[in-house]
Amino acid sequence: MAIAFNRKLAGTLAASLGLALSACGGFPTENRSLYSARQPVVERTNFTLDIRTAGDGLPLGEQRRVAGWFDAMELGYGDRISLDDPTANPAVREDLAALAGRHGLLVSESSPVTPDYIDPGEARIVITRSTASVPGCPDWSANNEANEYNATYPGYGCAVNGNLAAMIANPEDLISGQKGSGETVVTTSTKAIEAYREKAPTGAGGLSQVSSKGD
């Protein structure tokens with residue numbers, strides 16, 4: 001009986017020790033700040049199309065081909081269009097700009113580096129599309145209620161940053177933001193102030209004559 005009792009006691013202690021160690025593994029220990037360890041990551045993908053060119057620009061057949069490609073790619077805000085033309089023919093750029101303008105986009109001045117050579121008499125159109133995501137979310141690796149290290153849980157920020165990455169119109173804004181001259185911002189902000197200052201007080205014209213008697 002003593003041997004059996006000792007075995008039961010040893011088994012109970014081993015199980016308790018295992019539960020204690022597993023519980024310690026569920027504690028948040030790494031991030032002891034208030035910053036989220038799960039941040040949006042922006043990835044860029046280049047899509048290319050080689051087209052035939054002519055001295056006076058893009059042939060009509062190639063223009064239709066490019067227009068169909070833009071429609072198939074569902075070109076829209078946030079996409080970046082660039083042209084890699086070895087001859088730097090301005091007529092080709094003008095025709096491409098007209099096609100891109102149908103989608104409300106401009107042609108960038110520079111193009112990214114792409115693999116493979118461009119055949120003579122051809123140019124390469126590059127669409128750069130960015131996507132944002134938050135890798136590793138959701139993260140429930142630390143699922144213990146106890147927090148002895150007063151650390152931030154690894155899943156903290158997944159909801160906010162995940163929604164931000166999903167809803168942002170242009171993922172590139174997460175990297176550098178929008179650039180502006182500042183003049184428009186100043187003009188817009190002072191417009192309301194000037195209207196308030198220049199508005200005549202409501203009592204400047206005197207009180208209107210109101211009579212309780214009928215005509």
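1. Let me start with the lining of the largest pocket, in what is a predicted model. Sorted by class, the lining residues comprise 5 nonpolar, 6 polar and 4 charged.

2. For the space itself, the largest pocket holds about 380 Å³. It is lined by 15 residues, and those closest to the centre of this pocket are Gly78, Asp79, Arg80, Ile81 and Ser108. Two elements, strand E2 (80–84) and strand E3, each give two or more residues to this lining.

3. You may like to look at the second largest pocket next, with about 200 Å³ of space. Here too the lining has 15 residues, and Glu30, Asn31, Thr152, Tyr153 and Pro154 are the closest to the centre of the second largest pocket. By class, this lining divides into 7 nonpolar, 5 polar and 3 charged residues.

4. Now to helix H4, which spans residues 158–167. Which residues of H4 are buried? They are Cys158, Asn161 and Ala165. Viewed down the helix axis, the buried residues of H4 sit within an arc of 85°, so they line one face of the helix.

5. The other side of H4 is worth a glance as well: Ala159, Val160, Ala166 and Met167 are exposed there.

6. Finally, what covers the buried residues of H4? Strand E3 (122–133) is part of that cover. E3 therefore deserves a second look on your screen, as strand E3 also gives two or more residues to the lining of the largest pocket.

Technical notes
Residues are numbered from 1 along each chain as its sequence is written. This is a predicted model: local features need pLDDT of at least 70, side-chain atom pairs count only at pLDDT 80 or more; totals for chains, interfaces and linings use all residues. Side-chain values use heavy atoms; hydrogens and water are left out. Buried means under 20% relative accessible area, exposed over 50%, partly exposed in between (1.4 Å probe, protein chains only). Helices (H or I, at least four residues) and strands (E, at least two) are DSSP runs, numbered from the N terminus. The arc is that of the directions from the helix axis to the C-beta atoms. Contact means heavy atoms within 4.5 Å. On a 1 Å grid over the protein atoms alone, a cavity is a set of points where a 1.4 Å probe fits but cannot get out, and a pocket is an open set with protein on both sides within 12 Å along at least five of seven lines; lining residues have an atom within 4 Å of a point. Grid points are joined across faces, edges and corners, and a volume is the space filled by probe spheres set on the points. Ala, Val, Leu, Ile, Met, Phe, Trp, Tyr, Cys and Pro count as nonpolar, Asp, Glu, Lys and Arg as charged, and the others, Gly among them, as polar.
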